[in-house]
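Morning, everyone. Please have the sequence and the 3D view open before I start.

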Amino acid sequence: MESEEETTDTEESESSVDKLLRDIFGDDDVNERINSEEENTEGENDTDESMWHKVKEDDEEIHLLNDRRFIVGERELLYLIERTTCSECGERIDSSTIQEGEKVAAGVKYQYLCINAHKNKWISTPFYGGKSLVALLIQLMVLLSGASWSKFAAGAKFINLVTGCSRAFYHHQLLYKFVLLESDRFKHIRHSLDIWHKAKKLAYMLGDAAKKAAHRSLLPWIRPTVNHFWYCCNTCSGDVQKLIKKWFKILHHVTNEHEWSGGRCNHSKDTNAGVEKWISKDSSTYREFRKIVVNKEFTGNFQYYTTCKQTWAIENLYFHTLLHYCQKQVSFGFDSCVMRNQLAVIDYNHHLDREIQQARDGTSVPFVQFSRKTKQLVAYDRRVAKSYTYIPDLIATCIRQTYGARREAYTKSAQAKKLDGIATNLSGDITPSSKELLNSRKKRKTCGLDLSASC
Ligand SMILES: [Zn+2]
Ligand SMILES: [Zn+2]
């Protein structure tokens, strides 16, 4: 009887720990979020063409990019060539001589004679640095839109679309990598992502301890402790000593000690009202808690966490942008995944201040979606379509990178080579939460993190 009761007890505590961790950090299953993302971007597909009208034409690449491109049927093309005239004598073409010339990536070359036997040719793509520009643009279309080459190529085959070869895509991707990785303007966001993972690790260490029946009293302290960690990162002004000093205050606070020789908590007195779950300094639970807080592995690299951004921004980056570029179901190599992360960050940053779509009466246009998992409705604000105004410049820079590229530029990074052998899917264990209703999301956006419960 007794042991049975204990089991139930532990199970109960396990499920409440898991629930809490899920509340803070979200669910591990991202499929639902990918679906919401698809739903979310609906209506954004018809990107207006104004991004091409605004670009300046003062360099060759942008000039080339400004041309529109069409998908053309072979029959219509031949029909058109039959009706052209010789570039040398102006006479008509002998249509029986039209034949396909040597292969052109993502295009076609026709050779033919006029009735006076002058040689003529027509190629469907301009060349840039000796390469088919259309082929380069298709590669960049796939990469910059976050699509996967293999899916795109498979679909292209279905409609007999000539796309250029897969090898060339992966080959050139290594060149585009430099362009993307050189733009380190967005390092602070990547850095914040690390903090997010760090906080998550902390929550799981505490969660594991709280799952043990003897340390159940840790449960109510998980959220405040994680909040305290964020708070410390956020307020240490980049000073690691300050961060550590602030961090260790939690050791006093949980024991209901808010002033001690050499320090005191920063919260107001009423913060403690209603808190009953203080941990006794002599308890084994306190020793367990202390072990986690002072854990060398955890605190040893605090210097990397001295600047911090709020979590909602990071969650937002993850499920609305990163998953779009780096889907979990698709295996990407290391270089590829690094690049796609960078693309997500660029996309995210450029569209950070997108306005909320407004109805005629000035109200926002929410869209509500049924979450299969929680069996609840989730509301989102619909935002105005993304402008992608950075894309023309990015493409121009990328194709410039292919111009006369040296051989060494085509090599994988050493890290990629090492990892390629080990991992097939490096999209990571990214686990943002997506279940908050619009209200709770808004609350966090306006109030920041709820730090009132920590010192
Ligand atoms: Zn001629
Ligand atoms: Zn305190």
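I'll go from the whole chain to a small sheet, then a pair of helices, then one lysine.

First, a caution. This is a predicted model. Keep that in mind throughout.

Now the overview. How many helices and strands does the protein have? It has 18 helices and nine strands. There are 455 residues in the protein, and buried residues make up 24% of them. Next, contacts. Take the contacts in the protein with a separation of 6 or more. Of these, 69% come from residues 24 or more positions apart.

On to the sheet. Three strands build it, and the sheet is open. Reading across, the order is β1-β2-β3, with antiparallel pairing. Which strands sit at the edges? They are β1, residues 99-100, and β3, residues 119-123. Each of those two pairs on one side only. Look at β1 beside β2, which covers residues 109-113. Two bridges join this antiparallel pair. Pick out Gln99: its bridge partner in β2 is Gln111.

Next, two helices. Packed helices in general are described by two things: the angle between their axes and the distance between the axes. Our pair is α6, residues 133-145, and α16, residues 391-402. Their axes lie 11 Å apart, and the packing angle is about 130°. That angle is why α6 counts as oblique to α16. Which residues make the contact? From α6, they are Leu136, Leu140 and Leu144. From α16, they are Ile391, Leu394, Ile395, Cys398, Ile399 and Thr402. What classes do they fall into? Eight are nonpolar, one is polar and none is charged. As for handedness, α6 passes α16 in a right-handed crossing.

Hold on to Cys398, from the α16 side of that contact. It leads us to the lysine.

Find Lys177, in helix α8, residues 166-182. Along the chain, Lys177 and Cys398 are 221 residues apart. In space, their C-alpha atoms are separated by 8.7 Å. Is Lys177 buried or exposed? Lys177 counts as buried, because 22 C-beta neighbours lie inside 10 Å. The cut-off for buried is 20 or more. What does Lys177 touch, leaving out residues up to four places away in sequence? Its contacts are Asp335 and Met339.

So much for the tour. One thing to try on your own screen: find Lys177 in α8, then find Cys398 on α16.

Methods
Residues are numbered from 1 along each chain as its sequence is written. Chains are lettered from A and ligands numbered from 1 in the order in which they are written. This is a predicted model: local features need pLDDT of at least 70, side-chain atom pairs count only at pLDDT 80 or more; totals for chains, interfaces and linings use all residues. Two strands pair if DSSP finds at least two bridges between them. Helices (H or I, at least four residues) and strands (E, at least two) are DSSP runs, numbered from the N terminus. A residue is buried if 20 or more other C-beta atoms lie within 10 Å of its own, exposed if 12 or fewer, and partly exposed in between; C-beta atoms are placed from the backbone. Two residues are in contact if their C-beta atoms, placed from the backbone, lie within 7 Å. Axes are lines fitted to C-alpha atoms, for helices over the stretch in contact, and angles run from 0 to 180 degrees between N-to-C directions. Angles under 35 degrees count as roughly parallel, over 145 as roughly antiparallel, 65 to 115 as roughly perpendicular and the rest as oblique. A crossing is left-handed if the near helix is turned anticlockwise from the far one by less than a right angle, and right-handed if clockwise. Ala, Val, Leu, Ile, Met, Phe, Trp, Tyr, Cys and Pro count as nonpolar, Asp, Glu, Lys and Arg as charged, and the others, Gly among them, as polar.
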